[in-house]
Amino acid sequence: MLQKLSIRNYALIDTLEIDFNKGLNIITGETGAGKSIILGALSLILGQRAESKYFFNQEKKCVIEGSFLLADELLKPLFDGSDLDFQAETLLRREIAIDGKSRAFINDTPVNLGTLKLIGENLIAIHSQHATQEISNTDFQLLILDALANHQLLLKNYKQEFKQLKQVEQQLKDLQQKTDEAKNKQDYEQFLFNELEQAALKDGEQEELEQELEKLTHAESIKRSLLAGVSLISESETAAINLLKEASSQLNTVEKFDPAIAELNERLKSALIELKDIAAEITAIEENTEHNAQRLETIQERLDLFYNLQQKHRVSSNAELLAIQEQLSENLNAILNSDEQLEKLQKEIDILKANLFKQASELDANRRKAMATVEKEVGTALKQMSMPNAAISFNLAKQTQLNSNGFNEVQLLFTANAGQQAAPVGKVASGGELSRLMLAVKALLAKHTSLPTLIFDEIDTGISGETALRVGEVIDDLAKNMQIMAITHLPQIAAKGNSHYFVYKHEKDDKTTTGIKKLAKDERVSAIAEMLSGKNPGASALQNAKELLG
């Protein structure tokens, strides 16, 4: 249950702390006093969107905290699944900075809004007067049956497998599309692959051939330069070798007089040997350099093939062409394997569907068993709320196609009067009837869920007098098993509360703030008397209020 709600810097609230009790907590106050503001602040720690424009002071951050007492460990798996420590006294906190950025915490551990909402939805459910339209929603109608059917684990498993089915079906669709596209261009890709394969490309071959082409193209020029070089080194009268020999001969005559000269002469002789080797190698290269027109033509044809293929595929190297060839090979192999993959996915879909239809049949059977219980218990609650002839029934049909809840399509039918044919609830129920019907459903659901706290926000729309008294009794009975908070304008409901809180506006220093206080017994008499007859109630109103309070 919600033990304490702390609100700082939100809307008309500067600072506010409210301690709540178990059982039925009544919240009253004049229209516009700020009841919805308190509810709005509470919704923030339940994961609702925050906006900084609702700050009381735009220069300070807004902080909302809710302290919850969890009487048992039914929610422990939920905490474990969110990687949170379960604590009997759990604190939910929301902080909104002045720039609108929000942070959320559970027991001082930072969490994202999704986690805060997940935990919050299992701690509190808010039912407002506008939520009565939810009863017309087929998903909600199915939820009623599922709650009473007590097959949450089966439904969870079904939803997981249905999600898996949709994923596999999408995989099949995507693969089929890719296969169709691949087959449409299979002939062209096969042609491209054959063309590259026949070219027998090798990485690095282009560079080698381009170098050889350069050598063959300039063969005559190379030979002339090599012959001239050899002549200057060893064959002409003034060849370098002859000159070096003469120099060495001169050093030979004087090297005995100075060791340094002898060393230099040895170096000179080594240079002569090296120069002779260079001349020999130049000669060898020159002799092997020939203008080969046939080889030149062969190389040019091979390079033209490379250049044409590169231009065709818009690349600049053989390495890139080889990569394209590899990709084309993979594409063609994928087409060969695609039929096998398609068949495998189709088999997986068939197995999933068969299993899902089996589970859907079990869900359908459970829902049909729960229908009678729902119809009977809701009918009993409606009679208790001054609708003696009201009744509901479910039209539960089977569809040929699976959906996320099975294969059921549900329609809730309602009649408020004897002899009146039941019709879809959204078409025949008045506002007051919808309020009471929704209360009856919520009371039934509360008995079959572990929800600790239920908030009714002015669900008394369209009812009064004896009916209001009966509605109050239903809410009071519900509060025996869970914490109920009821925001109401009806004295008959307010009088049923175990605790009564009054919301008011206060003006000071040209600022309006919202406050709340827990009423003592005599203050409750006055508050309920005012709800009966307005400001400054008379003796009869006060007496009537005392009688309502018992």
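## Lys535 and its partner Glu530

In this predicted model, Lys535 counts as exposed because its relative accessibility reaches 55%, and the cut-off for that class is over 50%. Lys535 forms a salt bridge with Glu530, in which the closest N and O atoms lie 3.9 Å apart. The partner, Glu530, has a relative accessibility of 30% and therefore counts as partly exposed.

## A pair within helix α2

Lys76 and Asp80 also form a salt bridge, their closest N and O atoms being 3.1 Å apart. Both residues belong to helix α2, which spans residues 76-81, and because they are four residues apart there, about one helical turn separates them. Lys76, with a relative accessibility of 31%, counts as partly exposed, and Asp80, at 43%, is likewise classed as partly exposed.

## A link between distant parts of the chain

A further salt bridge joins Glu95 to Lys61, with 3.4 Å between the closest N and O atoms. This pair connects distant parts of the chain, since Glu95 sits in strand β5 (residues 89-96), whereas Lys61 lies in the loop between α1 (35-44) and β4 (62-69), with the two positions 34 residues apart in numbering. Glu95 counts as buried, because its relative accessibility is 11% and the limit for that class is under 20%; Lys61, at 43%, counts as partly exposed.

## The network and the total

Lys61 and Glu95 are also members of a network of salt bridges, in which they are linked with Glu65, Arg93, Arg103 and Asp108. For the model as a whole, the count comes to 26 salt bridges.

Conventions
Residues numbered from 1 in each chain as written. Predicted model: local features only at pLDDT ≥ 70, side-chain atom pairs only at ≥ 80, totals over all residues. Heavy atoms only, no water. Salt bridge = Lys/Arg side-chain N within 4 Å of Asp/Glu carboxyl O. Buried < 20%, exposed > 50% of the residue type's maximum accessible area, 1.4 Å probe, protein only.
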